[in-house]
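This report introduces a structure to a reader who has not met it before. It begins with a single residue and then moves on to other parts of the chain, to the cysteines and to the pockets.

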Amino acid sequence: PILREHCLRCHGPEKRKGGLLLTTRKDALAPAESGRASIVPGDPKASELMRRVLTEDKNERMPPSGARLSAEQ
């Protein structure tokens with residue numbers, strides 16, 4: 001539900017920004033255009049998605065606009 005609400009507009013069936021597609025597990029685990037693993041099961045520190053969600057850098061943060069994800073999310 002979190003990915004559907006906050007991510008699929010840019011990383012779903014209609015768009016694939018940065019080469020990241022989050023509609024299936026296989027696609028979500030594939031490297032993005034950067035060559036980095038977007039999601040590394042069991043290792044959130046190695047996951048580019050987590051780095052982007054947690055960064056304070058406004059040029060890299062995800063989602064890029066609107067409210068940040070809450071700590072619970």
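Glu60 is found in the segment after helix H4, and the model in which it is placed is a predicted one. With a relative accessibility of 26%, Glu60 counts as partly exposed, since a residue is called buried only under 20% and exposed only over 50%. Once its neighbours within four places in sequence are left aside, Glu60 is in contact with Arg51, Arg52 and Thr55. The C-alpha atoms of Glu60 and Thr24, by contrast, are separated by 23 Å, and these two residues lie 36 residues apart along the chain.

The segment after H4 also holds Pro63. The peptide bond that joins Met62 and Pro63 is cis, with an omega of about -10°.

**Around the start of H4**

Ser47 has its place in the loop between helix H3, which covers 25-29, and H4. Is Ser47 buried or exposed? At a relative accessibility of 4%, Ser47 counts as buried. Its contacts, with neighbours up to four places away in sequence set aside, are Ala37, Ser38, Ile39 and Val40. For one of these, Ala37, the C-alpha atom is separated from that of Ser47 by 6.0 Å, although the two residues are 10 residues apart along the chain.

Glu48 is found in helix H4, and with a relative accessible area of 11% this charged residue is buried. Leaving out residues up to four places away in sequence, Glu48 touches Arg36, Ala37 and Ser38. Between Glu48 and Ala32, which are 16 residues apart in sequence, the distance from C-alpha to C-alpha is 9.1 Å.

**Cysteines and the nonpolar core**

The count of disulfides in this model comes to 0. A disulfide is a covalent bond between the sulfur atoms of two cysteines. Why is Cys10 not bonded to Cys7? The closest cysteine sulfur to that of Cys10 belongs to Cys7 and is 8.8 Å away, which is too far for a bond, because a disulfide requires the two sulfur atoms to be within 2.5 Å. Cys7 is accordingly in no disulfide. Both cysteines are nevertheless shielded, for Cys7 counts as buried at 16% relative accessibility and Cys10 counts as buried at 15%.

Cys7 also belongs to the largest nonpolar core, which has 6 residues in all and is completed by Leu20, Leu22, Ala28, Leu49 and Val53. In soluble globular proteins, nonpolar side chains tend to be buried together. Ala28, one of the core residues, touches Leu20, Leu21, Leu22, Ser38 and Ile39 when residues up to four places away in sequence are not counted.

**The two pockets**

The largest pocket encloses about 500 Å³ of space. It is lined by 23 residues, and those closest to its centre are His11, Lys17, Leu20, Arg52 and Met62. At least two lining residues are supplied by each of helix H1 (2-6), helix H2 (8-11) and helix H4 (48-54), and the largest share, 4 residues, comes from H4.

In the second largest pocket there is about 200 Å³ of space. Its lining is made up of Ile2, Leu3, Cys7, Leu49, Met50, Val53, Leu54, Arg68, Leu69, Ser70, Ala71 and Gln73. The elements that give two or more residues to this lining are H1 and H4, and H4 gives the most, with 4 residues. Cys7, Leu49 and Val53, named in this lining, are also among the residues of the largest nonpolar core.

The make-up of the two linings is set out below.

| Pocket lining | Nonpolar | Polar | Charged |
|---|---|---|---|
| Largest pocket | 10 residues | 6 residues | 7 residues |
| Second largest pocket | 9 residues | 2 residues | 1 residue |

Helix H4 thus recurs through this account: Glu48 is found in it, and it gives the largest share to the lining of the largest pocket and the most to the lining of the second largest pocket.

Notes:
Residues numbered from 1 in each chain as written. Predicted model: local features only at pLDDT ≥ 70, side-chain atom pairs only at ≥ 80, totals over all residues. Heavy atoms only, no water. 1 Å grid on protein atoms, 1.4 Å probe; cavity = no way out; pocket = protein on both sides within 12 Å on 5 of 7 lines; lining within 4 Å. Points joined across faces, edges and corners; volume = space filled by probe spheres on them. Buried < 20%, exposed > 50% of the residue type's maximum accessible area, 1.4 Å probe, protein only. Core = buried A, V, L, I, M, F, W, Y, C linked by side-chain atoms within 4.5 Å. Contact = heavy atoms within 4.5 Å.
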